[in-house]
Amino acid sequence: MKKIKGFWLFLVLSIIVYGTVQVLINAGILNNFYSNTLIFISINIILAVSLHLVIGITGQFSIGHAGFLAVGAYISAIVTMKLSLPFPIAILAGGLIAALAGLVVGIPTLRLRGDYLAIATLGFAEIIRIVFLNIDAVGGAAGMQVTKMTTWTYTFICLFITIAVITNFTKSRHGRACISIRENEIAADAMGINTTYYKVVAFAIGSFFAGIAGGLYAHNFYIIQPSQFGFLKSFDILIFVVLGGLGSLSGAVISAILLTVVSTFLQGYPETRMIIYSLVLVLVMLYRPQGLMGTREITDLFKRKSVKGGS
Amino acid sequence: MLKVDGIDVFYGNIHALKGVSIEVLEGEIVTLIGANGAGKSTLLKTLSGLLKPKNGTILYENMSIAGKQAQTIVKSGISHVPEGRRVFANMTVEENLELGAFVRKDKEIQKDIQKVYDLFPRLYERRKQLSGTLSGGEQQMLAMGRAIMARPKLLLLDEPSMGLAPIMVKTIFSIIEEINKTNGTTILLVEQNAHMALSVAKRGYVIETGRVVLTGSAQDLQSSDEIKSAYLGG
Amino acid sequence: MEWVQQIVNGISLGSIYALIALGYTMVYGIIKLINFAHGEVFMIGAFVGFYSIAGWGFGFFPALLLAMTVCAIMGMVIERVAYRRLRNATRIAALITAIGISLFIQYLVIYFRGAQPEAYPNVLSNKTFDFFGAQISSQSVMILSTSIVLMLLLQFIVHKTKVGKAMRAVSHDMDAARLMGINVNTTISATFAIGSSLAGAAGVFFGVYYTKIEPLMGVIPGLKAFVAAVLGGIGIIPGAMVGGLVLGLVETVVSAFGYSLWRDAAAFIILILILLFKPSGIFGKNAREKV
Amino acid sequence: MTEQPLLQVKEAGIQFGGLKAVSGLNIEINRGELVGLIGPNGAGKTTSFNLLTGVYVPTEGEILLEGERLNGMAPYQVTRRGISRTFQNIRLFNELSVLDNVKVANHSKAKHSIVSSVLRLPSHFSGEKEMEEKSLELLEIFQLHKLKDEVAKNLPYGQQRRLEIARALAAGPKLLLLDEPAAGMNPQETHELMNLIAFIREKFDLTILLIEHDMNLVMGICERIYVLDHGQLIAEGLPEDIRNNPKVIEAYLGEEVPKDA
Amino acid sequence: GCGGESAGGGSKDDVIKIGANLELSGPVASYGQGIAEGIDLAVEEINEAGGIDGKDIKIVKVDNKSDGPEATNAAIKLTENDQVTAIIGSATSGNTVAQAQVANGAETILLSPSGTSPNVTINEDGSLNEFVFRTSFIDPFQGTVAANFAAGDLGVKNVAIFADNASDYAKGLAASFKETFEGAGGKVVAEESYVAKDTDFRSTLTRIKSANPEFIFIPGYYEEVGLIVKQAREMGIDVPLMGADGWDSPKLVELAGADALNNTFITNHYSSGDPDEKIQSFVKKFGEKYDGKSPDAFNALGYDSVYLLKDAMERAGDTSDASKIKDALAETKDLSLVTGIVTVDEDHNPIKSATVLEYKDGEQVFKSKVNP
Ligand SMILES: Nc1ncnc2c1ncn2[C@@H]1O[C@H](COP(=O)(O)OP(=O)(O)OP(=O)(O)O)[C@@H](O)[C@H]1O
Ligand SMILES: Nc1ncnc2c1ncn2[C@@H]1O[C@H](COP(=O)(O)OP(=O)(O)OP(=O)(O)O)[C@@H](O)[C@H]1O
Ligand SMILES: [Mg+2]
Ligand SMILES: [Mg+2]
């Protein structure tokens, strides 16, 4: 019962957050800049949380997440701009095709381990980018112009669904199966977990939400170009996840918010921006190598400390 | 030769050794026995410099070695055969032995390798094999041989019989006695197999949850009722 | 004739990759860290060479030595400051730190001198030989032979010398290495020094051969070298050499067929294919965890 | 016809490169038996377990469980058909709680789908509840229920070994394989373990095959023993016979084990 | 001087706030930084000379990391929070397009120094972005000039094109070159591309060489072109090579080497070797401000962008009303700038004359002047 209550609490909180922001936007208190920053933050949270499922939960070291972002962005842009279909369909299509791409990439590569998996996923993301670079119908290097359709409402709904789905997935036997792969793949296999299946499922779900983020992204920034989806973008997403604490969903959320804000704030200090940003990154890792949250969740802070066993 | 006085060792917040004091005399075999997690390995790691004690003193040949770097301690004559053998799997048997003599600069290294081969003829047969592919017992021999290569005065052995077939256990223990007799090497031996350990040792310490709870000659310990019920399965 | 020329082109390109990959693989082999800052050390090497030639009038070899020295020190400093604390942390934490360091170096250089490129002075005369109708430049021959020599040297150091044995011991088990009396910190520093000085040398060669250097020049070659190292089996010295050459040849052949825009994609496809059949690279031992 | 044996291994073997780690292995185990597998270090005992559980695919021979051929099945498939195991070097899910460790092994017994979990349908709640109840029951038997929320890596060694066995049982095996369960335990702890093994065997109606170097344990509880050396069976029989078998003495025991062990 | 005002309306009267939304970090940081240097020099000059209408210009510089979304974000920040009158930026067409709608929506001038793609000012549906302008040419013109030069002055028949595929600038030039050249009866025997930031072009050059062209058109930026020219000459390709304003930088001579550059041509807005007083004084002042560096095309375009705005503000008689300034910008006529004499056409593109220059021993030598 406790768990069900938690879910309702989450729902109510979400509606409050959404409503407040919407009212502030309507009242003109939050200007375009702030509302747009909120959208950008939310997109980054979706990306971070979706990668968290792959790296933090399932323990599969993927550093090519921007590839799926690209797929979602391009597919959804094609759906609205070329096929003139409604935006929600575009978002969904972006997610589904990205999930499909996740399957295509995941099935062969997920048997690789550690750094070899990392470089293979990075390679696939680059291949995806180069494919878009070479398709003239989507503008090649010059990119594709996209009308702005992303609103706070759409963004928030997607964000809500992402977090709800990934949380629910994680806190079920399926999520535990994924965690057991992260902890010890050989033992997971020996306990009857179809490790390949769950790795691929986690990868596909992660890709799906990255694709969703791509749809929002494409329709928020007027233009998409292959150069926006290079490996540095993948690193940015990876950094959210690791900095937040591998395995902690709330950590991923917090660090996506924090880093987006820091980075936006630093826009005005062009000369030292990247120097400060990289220093922040290095210092956090040096002094908190487990990430901001470690493996804990923000909700743990409200629970009573779990009983310590032993002695 | 070795005098440990009231050392405390922590892993983060875990207080693993609480004021442990022991003493080892030159030429002795001394054994440490105790349940899982009692802190035996922790004590050996502290002696060889892998861990630093928070307080307390460790005197080795009247020189304080507490908190010194492992490589310094090895040079002064203490060799540690760690729990789980820890041979360098991607190197050959012979390279492992050469590494054992890493701190030495003299010309007799080759001669000593020969001596190890005499002690463990099996290693001679396998000298070109990658040590990761050796059987458990062979790896244990290699780990001991590698430690001997440093020409230690004090040898720290952590559960040398763990996971070995009965026949191997016997071999290993007879080699321990032989090293002690022929080279005069002092040995501090940690064992689960208290029965065997007490049969080769002169004296023993019993450690429980980070404290020394009992000490005495091997015979006394062997006949103590507490020991019998807890560690000898009697 | 075109094909002889293309193979020559591929080998020249590949030997640059190999040169950078050697240092990469060396560091990886010992501490299992993907040192993303390696590309930046390479860039610093190129700039040190540039300033010492253009600014102080050094010749090629003094400049090369200076760049190698500076990079060796830099590598040791990076290790000391940024990586040592993380030795027992997760590898991904170390990876993020490496990415951070790499950004830091890039933008520090941009901060001090701007992002505009610099043209390397002509310090090494370049003759072009005719080889079965193909043009071979003396510089590319030099780069290839340097990387072969360095590969052999590294292989010798790692497998035959005492410090090399210490390196291998450290790579396998740091605590056990300590128990042999090996100073782990010194050994790792030495590894970074050697690996980074190779990157520095590669930077100077790159500058001489391609002329253009700029603060972000390390990013792509760094990534390519990493790919080359993985291709050959990361941590394996001859693997880095072969991986670099294979990568260079693949890219060249793809361009030669007129698909230059697909060049990087093809390189990655080859990489993935090789990994699917040999999950730990061409020379990698298939070290599945023993159960 | 007599009843079909639970496990039949027929002429099974595997090669690594040139090395024949196991060859011509023949084992038959009937329902309810408790059988030992012993042999010198590197004889191929663990490798045999790996063959049985699908970690390695045999290069020769075949393995049948209740008449069904297991060759080529992935480990999880083998587990679902009824063989589960513990590992020589403990392999728990370190960051997971004790309870979750067991729940993971319960996984394939539950039915609720990903969709029902994501949408939090009633079947999710009932499924999870059932998993939790079953797991707690098991933990209670192993006296680990008080520690259910503790993270596995924080358990003392002996409890980790017990948890591993509990976890293996949660997968609902017909045949349980134990790889050196007493390694690193002192005689007192080993004794307790022996009692535990005997108990769960009765309670869950299990068939057990175990590897162990501790002769007190092996001779104490095994009904039959197989002896491997250099990848081949060199003896098979009752503990009495094995104890006195000269080949076994030479290769493994070193000398006769005193009867009163 | 400028007071200590912060964001907001009140201060609008004493300084003219102009945003600079540039690629100051990320892959094409060198372009953005080049523009920024030009802007800074111009602003310094103008403010020293008393500003515009007695008001100083204040530049609010924002880094967009060479990334579209960041550029959008930065533009929103500049319009909403800083309330700038105009934005100069960005260096690439894509990042300019990423802010075009923001500027239009917020009624703020957006002036791209070097975004050459047609759809910077014109949307895909053909409508005009009212508030968006640019300082550089659009691509087709230079391509046409180069093609006519090759077919006419050089009289070559078989040519190759080797274009930077990562920039619409180069692709646009390649397309218009091809169209005009083939229209003049010539033949394109090889069409190859590279991607900005490549360093090794030998394999593609080998391919081009084996097609035996008499001339190679290489639209792109000097960073790569320098290497292409050098490598081409090393491989024994000695036919004439030609490019456009993207080549124009003293670095080109250093990168390629003076020898290799012989027998190469470019079309350009201006020539830094042009004795024109305006140009010479720019080159000199630039050198003084940036320790002896000589300016490249990005520097010049950044510099000119500020003067283009200044001219429009003065003619509009208002430094804060963007819609008046916009009208004035659209009416710009025969304004003499460093990069040429500019008239803005109905698509908000500058019409400038182009110059054809030849490299002789590292020096640009005037060849001919072509009017649009
Ligand atoms: N790396 C570590 N981090 C945290 N705690 C540790 C670590 N190593 C050991 N401990 C703890 O320190 C205590 C003593 O451990 P130690 O390994 O010394 O025991 P031991 O007597 O050697 O036991 P065993 O018979 O299992 O080898 C135990 O409670 C153990 O959990
Ligand atoms: N994956 C593998 N690759 C190569 N050789 C292997 C592999 N797995 C096992 N071996 C070899 O097979 C032989 C048998 O090993 P195994 O682990 O089965 O021994 P064991 O009987 O369990 O010994 P112990 O009692 O020491 O655990 C050994 O020589 C081992 O080195
Ligand atoms: Mg121990
Ligand atoms: Mg075994």
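The largest share of the shell around ligand 1 comes from α1(B), which gives three residues. That is a handy way into this predicted model, so let us stay with ligand 1 for a moment and then move on to its counterparts elsewhere in the assembly.

## Ligand 1 and chain B

Two elements of chain B, β2 (14-24) and α1 (40-47), each contribute at least two residues to the shell around ligand 1. The shell has 14 residues, and those that come nearest are Gly37(B), Lys40(B), Ser41(B), Thr42(B) and Glu83(B). Sorted by class, the shell around ligand 1 holds five nonpolar, six polar and three charged residues.

Several polar atoms approach oxygen atoms of ligand 1. From the backbone, an N or O atom of Ala38(B) lies 3.1 Å from one of them. From side chains, an N or O atom of Glu159(B) is 3.2 Å from an oxygen atom of ligand 1, and Gln192(B) likewise places a side-chain N or O atom at 2.8 Å from an oxygen atom of ligand 1. On its own, ligand 1 has 630 Å² of accessible area, of which the protein covers 66%.

## The magnesium ion in chain B

Which residues coordinate the magnesium ion (ligand 3)? The donors are OG of Ser41(B) and two entries for OE of Glu83(B), at 1.8 to 2.7 Å. Ser41(B) sits in helix α1 of chain B, while Glu83(B) belongs to the loop between β6 (78-81) and α3 (93-100) of chain B; the pair thus links distant parts of the chain, 42 residues apart. Ser41(B) and Glu83(B) are also among the residues that come nearest to ligand 1.

Is Ser41(B) buried or exposed? Its relative accessible area is 14%, and Ser41(B) is buried because that value is under 20%. Glu83(B) has 33% relative accessibility and counts as partly exposed, because this value falls between the 20% and 50% limits.

## Ligand 2, a site shared between chains

Now to ligand 2. Why is its site described as shared between chains? Residues from chains B, C and D surround ligand 2, so more than one chain takes part in the site. There are 17 residues around ligand 2, and Gly42(D), Lys45(D), Thr46(D), Thr47(D) and Gln88(D) come nearest.

In chain D, β2 (19-29) and α1 (45-52) each supply at least two residues of the shell. α1(D) gives the most to the shell around ligand 2, namely three residues. By class, the shell around ligand 2 is made up of six nonpolar, eight polar and three charged residues.

The table gathers polar approaches to oxygen atoms of ligand 2.

| Residue | Part of the residue | Distance to an oxygen atom of ligand 2 |
|---|---|---|
| Gly42(D) | polar backbone atom | 2.8 Å |
| Gly44(D) | backbone N or O atom | 2.9 Å |
| Lys45(D) | side-chain N or O atom | 2.7 Å |

With these contacts in place, the protein covers 80% of the 630 Å² of accessible area that ligand 2 has on its own.

## The magnesium ion in chain D

The magnesium ion (ligand 4) is coordinated by OG1 of Thr46(D) and OE1 of Gln88(D), at 1.9 to 2.1 Å. Thr46(D) lies in helix α1 of chain D and Gln88(D) in the loop between β6 (83-85) and α3 (98-106) of chain D, so the pair ties together parts that are 42 residues apart in sequence. Both Thr46(D) and Gln88(D) are among the residues that come nearest to ligand 2.

As for accessibility, Thr46(D) counts as buried because its 13% is under 20%. Gln88(D), at 32% relative accessibility, counts as partly exposed.

## A look at chain E

Chain E deserves a visit too. Its secondary structure comes to twelve helices and 15 strands. The radius of gyration of chain E is 20 Å, close to the 21 Å that the globule rule gives for 372 residues, so chain E is as compact as a globular protein of that length. The C-alpha trace of chain E spans about 65 × 45 × 35 Å along its principal axes, and buried residues make up 66% of its 372 residues.

One residue to pick out here is Asp361(E), found in the loop between β14 (354-360) and β15 (363-370) of chain E. Asp361(E) counts as exposed, because its relative accessibility of 56% is over 50%. Asp361(E) and Asn262(E) are 99 residues apart in sequence, yet 6.1 Å apart in space, C-alpha to C-alpha.

Note on methods
Residues are numbered from 1 along each chain as its sequence is written. Chains are lettered from A and ligands numbered from 1 in the order in which they are written. This is a predicted model: local features need pLDDT of at least 70, side-chain atom pairs count only at pLDDT 80 or more; totals for chains, interfaces and linings use all residues. Side-chain values use heavy atoms; hydrogens and water are left out. A residue is near a molecule or strand if one of its heavy atoms lies within 4 Å of it. A polar contact is a pair of N or O atoms within 3.5 Å; within protein, one must be able to donate a hydrogen and the other to accept it, and residues adjacent in sequence count only if both atoms are side-chain atoms. Accessible areas come from the Shrake-Rupley method with a 1.4 Å probe; for residues, only the protein chains shown count as cover. Helices (H or I, at least four residues) and strands (E, at least two) are DSSP runs, numbered from the N terminus. Ala, Val, Leu, Ile, Met, Phe, Trp, Tyr, Cys and Pro count as nonpolar, Asp, Glu, Lys and Arg as charged, and the others, Gly among them, as polar. Donors are N, O and S atoms within 2.8 Å of the metal (3.2 Å for Na, K and Ca); water is not among the atoms, so sites may look incomplete. Buried means under 20% relative accessible area, exposed over 50%, partly exposed in between (1.4 Å probe, protein chains only). The radius of gyration is taken over C-alpha atoms; the globule rule is 2.2 Å times the number of residues to the power 0.38.
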